[in-house]
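Work through these exercises with the model open. Each task is followed by its solution.

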Amino acid sequence: MSDAAIRTAVLGAQGRMGSEAVKAVENAQDMELVAALGRGDSLKKVLEAGATHIVDLTVPDVTEDNVRFAAENGLHAVVGTTGWDGERLARLEALLEQNPQVGVLIAPNFALGSVLASAFAAKAAQYFESAEIIELHHPGKVDAPSGTAARTAELMGQARREAGVGPSPDATQKDPGGARGAVVEDIHVHSVRLRGLVAHQEVLLGSAGEQLTFRHDSFDRASFMPGVLLGLRTAASRPGLTHGLDGYLDLGL
Ligand SMILES: NC(=O)c1ccc[n+]([C@@H]2O[C@H](COP(=O)([O-])OP(=O)(O)OC[C@H]3O[C@@H](n4cnc5c(N)ncnc54)[C@H](O)[C@@H]3O)[C@@H](O)[C@H]2O)c1
Ligand SMILES: O=C(O)C1=N[C@H](C(=O)O)CCC1
């Protein structure tokens, strides 16, 4: 291992994603796994281990504290944990202004196909009257809607607003049980939790007589690991906040 290895601490290391990330970092020639923290472990272990980077794959309740700790101690952070709403992102941006050498990637989804599907959907959303999202995940997931769906809806909603497109047509007058799903940026998001699934999303776009569907499926958490490693290899050269792995890719969209 060279001196320049990316000294990585994985937070949430015993979780579904964290345990995959531990293996991916251990197998990467240019990285060294220096710490693997679980619930109840002190963040001081990260500093004692001499980490230069953290990967956060924990739970929405603790991720902000973890990233704050990293930034205040000059560590770069690659974050897959969900729960990063506008307020949290704004606080993080302010913190990074005080720690301008630190790079933080908040990635709602590390899978390249998912990043592409969301970017294509955002590009296409303004050209259709109706837009809805269905996200489908394993039943162990603690949050709904998924971070990916929330981010996709934000990007699509923003593009539709800028293009002057109004809300999707919808005559629903009675929906006492919330059958029309959550609404993010005027876009209805439907969450399915089903044994056997990993992480899946469909964006449905409709106009008179036609439908365009963008579907992405992660069948295995291995699909997320190239994105985690890209984040670790890139974060130090991108100081400040990057929201979405697309910020590290040249999608040209
Ligand atoms: N960005 C992506 O591509 C992507 C992909 C999959 C999952 N996720 C997100 O990653 C997060 C984790 O998902 P998961 O399926 O691995 O969940 P999980 O419940 O399997 O794992 C979370 C782990 O974090 C641990 N933990 C809790 N508090 C901690 C703390 N303070 N310090 C260290 N560890 C702590 C838990 O004990 C658990 O082992 C979720 O928010 C999920 O939505 C993101
Ligand atoms: O399994 C999860 O939990 C996932 N979380 C992210 C989200 O909420 O979008 C990414 C996909 C998998």
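The exercises go from the whole chain to one helix and then to a ligand shell.

This is a predicted model: local features need pLDDT of at least 70, side-chain atom pairs count only at pLDDT 80 or more, and totals for chains, interfaces and linings use all residues. Residues are numbered from 1 along each chain as its sequence is written, while chains are lettered from A and ligands numbered from 1 in the order in which they are written.

**Exercise 1.** Check the radius of gyration of the chain against the globule rule.

- The rule is 2.2 Å times the number of residues to the power 0.38, with the radius taken over C-alpha atoms.
- For 253 residues, a compact globule would come near 18 Å.
- The chain has 19 Å, which agrees.
- Along the principal axes, its C-alpha atoms fill a box of roughly 60 × 40 × 30 Å.

**Exercise 2.** Test the span of helix α1, then find what its buried residues pack against.

- Helices are DSSP runs (H or I, at least four residues); strands are E runs of at least two.
- Helix α1 covers residues 16-27, 12 residues in total.
- The expected span is 1.5 Å times one less than the number of residues, so 16 Å is due for α1.
- The end C-alpha atoms of α1 are 17 Å apart, which agrees.
- Buried means 20 or more other C-beta atoms within 10 Å of a residue's own, with C-beta atoms placed from the backbone.
- In α1, M17, G18, A21, V22, A24 and V25 are buried.
- Their packing partners are β1 (6-11), β2 (31-37), β3 (53-56) and α7 (225-234), by contact (C-beta atoms, placed from the backbone, within 7 Å).

**Exercise 3.** Which residues surround ligand 2?

- The shell takes residues whose C-beta atom, placed from the backbone, lies within 6 Å of the molecule.
- T82, P108, N109, H137, K141, S146, G147, T148 and A199 surround ligand 2.

Definitions and conventions:
A residue is buried if 20 or more other C-beta atoms lie within 10 Å of its own, exposed if 12 or fewer, and partly exposed in between; C-beta atoms are placed from the backbone. Two residues are in contact if their C-beta atoms, placed from the backbone, lie within 7 Å.
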